[in-house]
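Load the coordinates in your favourite viewer and keep the sequence to hand. We'll take a walk through the chains together.

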Amino acid sequence: MSVQPAVSVPERFPRLPDAQPSPRRARLPFSAWHLLLAPVAAIMLVPLVWMVIVSLETRQQATSFPPQLIPSSIHLGNYSAAWNAVPFGQFFVNSLIYSLATVAGNLLFCSLAAYAFARIRFFGREVLFVVLLATLMVPFQVILIPTFLIVKKLGLVDTLGGLIMPNLCSAFGIFMLRQFFRTLPIELEEAARIDGTSRLGILFKIVLPLSLPALATLGIIQFMWSWNDFLWPLIIIDSQKHAPLQLGLSQLQGAHFTQWNLLMAGTVMSQIPMLAVFLLAQRWFIRSVAFTGIK
Amino acid sequence: MPGVTLEAVTKRFAGGAVAVDELSLEIADGEFMILVGSSGCGKTTALRMIAGLETPTSGTIQIGDRVVNEVSARDRDIAMVFQNYALYPHMTVARNLGYPLRQRRMPRGEVARRVSEVAEMLGLEELMKRRPGQLSGGQRQRVAMGRALVREPEVFLLDEPLSNLDAKLRVQMRAALKRLHGRLGVTTVYVTHDQVEAMTLGDRIAVISDGKLQQLGAPQEVYDRPANVFVAGFIGSPPMNLLRGRVRDGSAVAGDLVVPVPGVPDGDVYVGVRPESLTPPRNGMPSLGFEVAVVEPLGDEVIVHGFVGAELVGVSADEGDAALVAANGHRAEAVACLPPRDRPAEGSTIQLGVEPEEVHLFDAETGLAIARG
Amino acid sequence: MSAHSATGIAVHRRPSLLKRLVASDHLAGWVFVAPAVILIAVFAIIPIGWSLLLSLQANNLIAPAHYVGLANYRALTKDAAFRSAIGHTVVYTVIFVPVSVAGALALAVALNRKIRGIRFYRLAVFVPLVTSTVATGIIFLWLLDPTFGLVNYVLHLVGIPQQQFLQDPNQALYCIVAMTVWSWLGFDVIIYLAALQGIPGDLLEASEMDGAGKWSTFRSIVLPLLGPATLFIVVWSTINALQLFDEIYVTTRGGPLESTTVIVYYLYQQAFQFFNGGYGAAIAYVLFVAILIVTLLQLWVGRRRVYYTS
């Protein structure tokens with residue numbers, strides 16, 4: 001008999017081919033696929049590159065024909081002008097609060113519920129789970145109007161609370177974490193019970209530390225969703241004081257729709273945080289997206 | 001140190017399957033009790049009920065003189081070693097060892113002292129900063145033992161703790177376990193399907209099949225006087241030869257084997273002969289013809305597979321039920337263990353004898369051992 | 001919890017009902033799920049029912065509502081603007097879904113190999129995914145600007161006359177398709193790439209040893225094994241296409257000449273601009289049922305045609 005592996009935590013996340021540089025980086029070959037990939041990459045990148053270029057031009061340069069592909073001079077002034085045209089700093093803070101609060105809420109509430117659904121046998125569990133799952137099928141637009149009315153009844157229209165509350169916990173997150181928790185070896189939890197750990201202790205000391213990949217995935221998906229959310233803020237927020245970034249950007253667009261250089265500077269600023277997160281955590285990001293497809 | 005008492009404990013799972021059936025067992029203070037049986041026989045469920053991981057459907061479980069049916073696992077003062085060790089993968093060895101103590105809010109200094117004590121006892125000092133993923137199978141096993149020992153529990157439960165180790169390590173750990181128990185004297189319940197572990201480790205062994213206790217006793221006693229056909233076929237390796245036969249006028253007959261059994265009433269029986277009881281016949285010994293098929297020399301002995309002229313009763317211990325299987329007609333497979341100097345040629349037919357007192361008789365209907373005068 | 005009787009045999013007494021309830025799994029389970037259940041009940045389950053109720057009311061979201069039965073739904077059947085919104089949504093979906101699925105498949109296959117610059121190519125395809133819908137809208141508005149836009153400049157270079165793009169009722173919807181394909185393609189590509197990674201290499205080798213060429217291996221091995229991914233992408237893209245809103249709001253606001261007024265934009269106008277809450281709820285329910293039917297239809301067709309391993 002050979003030595004068998006002891007309890008191991010399964011890796012349930014799809015891995016994309018390693019995008020990290022290998023230590024000894026052999027020169028990869030050229031191939032005919034470049035003829036397809038190069039133009040596609042150009043099409044994908046041109047809009048973003050063009051956004052940056054225009055954001056550095058003067059209004060005259062931006063509205064010249066033919067367009068100035070390489071600006072003769074660089075105008076960083078557009079950025080400060082955009083920053084001052086609308087309360088951009090406030091938008092950033094609002095978006096950050098909105099995103100972080102919904103990420104925190106989802107991680108906490110979904111973990112608690114998912115653990116109960118995965119491991120605790122309680123009366124009504126199956127029915128409740130099916131009901132929660134069924135809400136996933138309902139498009140947001142269907143519940144948009146009553147949700148607005150409920151938030152209005154709670155007196156939370158045009159507040160960050162009203163923005164955040166409906167997005168604190170998602171059935172998707174519960175489902176995803178439950179699936180993951182069920183793949184963890186149950187002996188670990190039994191051992192912890194015998195070692196004197198309470199249910200809550202098992203969740204926080206054993207299950208969650210072993211579920212970091214799943215938690216990171218849920219966090220990233222939720223963060224991306226909240227950061228880019230537009231429809232709900234559009235409905236619930238009236239004042240600039242409480243507008244998150246995307247709504248603020250659209251307000252900037254409404255107010256300065258002819259000043260393309262300024263508008264582009266604002267757009268660049270609004271996209272930088274997400275882009276930075278993406279570039280830093282590219283692998284996690286891609287895994288998270290891939291995970292949504294492999295349920 | 002308290003003992004553990006099971007009284008008519010039954011576990012019926014949601015689907016209706018009965019895993020443990022009216023199991024009663026008294027485990028004395030400091031005793032090393034083995035629960036042995038084939039997989040699925042209910043031994044692990046019994047252990048998990050003692051641990052508090054399963055709730056009995058009926059019956060009571062006592063630790064010391066406290067009924068613990070309603071006591072949660074964390075309040076039972078027991079420690080358990082899991083088959084796959086269940087080490088917390090995200091904690092270092094040191095943190096794994098200290099975990100049960102920290103959970104009980106033990107002061108830091110005391111935790112450190114006990115952890116290093118256990119680490120020293122099990123030779124884990126070098127591994128303290130590693131995580132379970134960086135350990136070998138044997139090392140993991142020792143950490144799992146350490147995590148259970150560090151608690152200084154009242155009862156120590158082990159669920160097939162050696163089954164994931166290779167053969168050599170298993171022999172070493174078996175001896176280590178025995179020494180450890182001798183030193184600490186903790187009441188221990190040990191589940192295994194391996195009869196070598198059962199024979200060597202236990203003060204007493206409880207043979208379980210189909211959720212029912214088949215026999216309880218000291219290992220030698222169970223080996224010498226198996227209570228029924230199941231135990232006879234399960235304990236001992238290679239297993240006992242069981243032949244269909246009958247008793248007439250104080251003699252048991254199975255094929256050409258005739259054994260005097262004075263005082264045993266007439267009737268159908270199973271005649272059991274251990275492979276190691278078969279020897280070249282000496283004067284006046286009951287004997288039977290043995291057609292040699294395969295010879296396996298092991299160095300210190302040879303295992304001889306062949307056929308005897310009787311109907312075989314197979315006990316399919318591997319399937320975990322005591323169903324009796326009659327083999328092909330009047331020519332039955334049998335096994336004998338002989339000293340190397342008596343090694344027969346393959347294809348030959350030899351006579352093998354057995355001392356009458358080493359022949360076991362079982363009632364053909366009930367499977368129970370028949371007492372001999 | 002035990003007591004000794006006179007004979008010294010332990011008597012097992014069950015603890016009180018309350019004590020057992022507190023210690024039981026039932027209570028623990030409900031305590032754990034309570035926050036999630038309350039939040040989802042208040043902000044999803046109740047609104048689903050309420051929405052149905054609203055759709056049977058005349059409700060301007062401010063003054064008290066009154067029950068009007070199926071009047072809203074009856075009005076919808078006669079509403080020409082709603083009918084044309086459905087038409088635009090269908091046209092959009094029918095173009096968007098096949099284009100993005102086929103494009104993503106081709107791109108994923110191209111990106112699933114080790115060639116020079118592959119990291120850059122992947123990055124280029126994924127980046128639009130993290131660009132917000134609002135930003136995407138603003139960028140494309142400018143790219144497609146009839147007078148100063150980059151696209152018209154490029155067309156000008158190859159001798160094609162100036163186009164109106166988003167300002168032309170005959171082109172606007174197709175421009176929206178192009179824009180949304182650009183922004184969503186990366187998502188589909190990632191899912192296809194993950195699925196391609198899941199195809200065991202020995203299957204492809206076996207197929208090649210059986211004498212199949214690259215193209216026929218792709219058709220007879222790879223494509224069928226991508227079935228589940230394709231089904232998911234089709235369903236997901238369709239649902240998203242039917243719910244198109246953000247990009248329309250930022251770029252055309254439903255114009256020009258209502259040519260890009262899709263269902264959700266019409267819903268938004270009715271509910272939050274004209275304050276016909278009940279009418280908006282009825283539109284939402286029609287959309288919901290439509291999505292449900294389309295999704296189930298796709299899954300039904302898919303189940304018969306998609307091969308799932310394990």
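Before we get to sheets and hairpins, one bit of vocabulary: two strands count as paired if DSSP finds at least two bridges between them. Keep in mind, too, that this is a predicted model.

With that in place, let's start in chain B, at a hairpin. Strands β15(B) and β16(B) form it, with four residues between them. In the turn sits B:Gly299, which has a positive phi of about 100°. How many bridges hold β15(B) to β16(B), residues 302-308? There are seven, and the two strands run antiparallel. If you want a spot to click on, take B:Pro297, whose bridge partner in β16(B) is B:Val302.

Strand β15(B), residues 287-297, has another partner in β20(B), residues 349-353. That pairing is antiparallel as well, over five bridges. Look for B:Glu291, which stands opposite B:Thr349 of β20(B).

Now scroll back towards the start of chain B, where there is an open sheet of four strands. Their order is β2-β1-β4-β5, and the pairing is antiparallel. Which strands are at the edges? They are β2(B), residues 18-27, and β5(B), residues 66-67, each of which pairs on one side only. The link between β1(B), residues 4-12, and β2(B) consists of six bridges, again antiparallel. Here B:Lys11 has B:Val20 in β2(B) as its bridge partner.

Next, the helices of chain B. Is α2(B), residues 93-103, mostly covered or mostly open? Mostly covered: eight of its eleven residues are buried. Those buried residues run from B:Val93 and B:Ala94 to B:Asn96, B:Leu97, B:Gly98, B:Tyr99, B:Pro100 and B:Leu101. The cover over them includes α3 (108-122) and α4 (137-149) of chain B. Just after α2(B) you'll find B:Arg105, with a positive phi of about 55°.

Helix α3(B) is also home to B:Ala112. Why does B:Ala112 count as partly exposed? Because it has 14 other C-beta atoms within 10 Å, and the partly exposed class lies between the exposed limit of 12 or fewer and the buried limit of 20 or more. From B:Ala112 you can draw a line back to B:Leu101: the two are eleven residues apart along the chain, and their C-alpha atoms are separated by 9.6 Å. B:Leu101 itself is among the buried residues of α2(B).

Zoom out and chain B comes to eight helices and 21 strands. Its C-alpha trace spans about 75 × 45 × 35 Å along the principal axes. Of its 373 residues, 44% count as buried. For a feel of how the chain is wired, take the contacts between residues at least 6 apart in sequence: 67% of these join residues at least 24 apart.

How far should you trust all this? Chain B averages a pLDDT of 87, with 94% of the residues scoring at least 70. Residues 315-329 of chain B are a weak patch, with a pLDDT below 50, although the model still has 33 contacts for this stretch beyond near neighbours in sequence. Where pLDDT is low, the predicted coordinates should not be read in detail.

Chain A averages a pLDDT of 84, and 89% of its residues score at least 70. Among its elements, confidence is highest in helix α4(A), residues 88-119, at a mean of 95, and lowest in α15(A), residues 282-293, at 77. Over residues 1-24 of chain A the pLDDT stays under 50, and the model has 51 contacts there beyond four places in sequence.

Chain A also touches chain C, in a contact that takes 81 residues from chain A and 80 from chain C. On the chain C side, helix α2(C), residues 25-54, gives the most, with 21 residues. That side divides into 61 nonpolar, twelve polar and seven charged residues.

Let's finish inside chain C, with a pair of helices. The axes of α5(C), residues 118-130, and α8(C), residues 172-197, come within 7 Å and cross at roughly 120°. From α5(C), the contact uses C:Val125, C:Phe126, C:Pro128 and C:Leu129. From α8(C), the residues include C:Trp182, C:Leu185, C:Phe187 and C:Ile190. By class, this contact has nine nonpolar, two polar and no charged residues. The crossing of α5(C) and α8(C) is left-handed.

Definitions and conventions
Residues numbered from 1 in each chain as written. Chains lettered and ligands numbered in written order. Predicted model: local features only at pLDDT ≥ 70, side-chain atom pairs only at ≥ 80, totals over all residues. pLDDT = per-residue confidence, 0-100. Contact = placed C-beta atoms within 7 Å. Nonpolar A, V, L, I, M, F, W, Y, C, P; charged D, E, K, R; others polar. Axes fitted to C-alpha atoms, helices over the stretch in contact; angles between N-to-C directions. Left-handed = near helix turned anticlockwise from the far one by under 90°.
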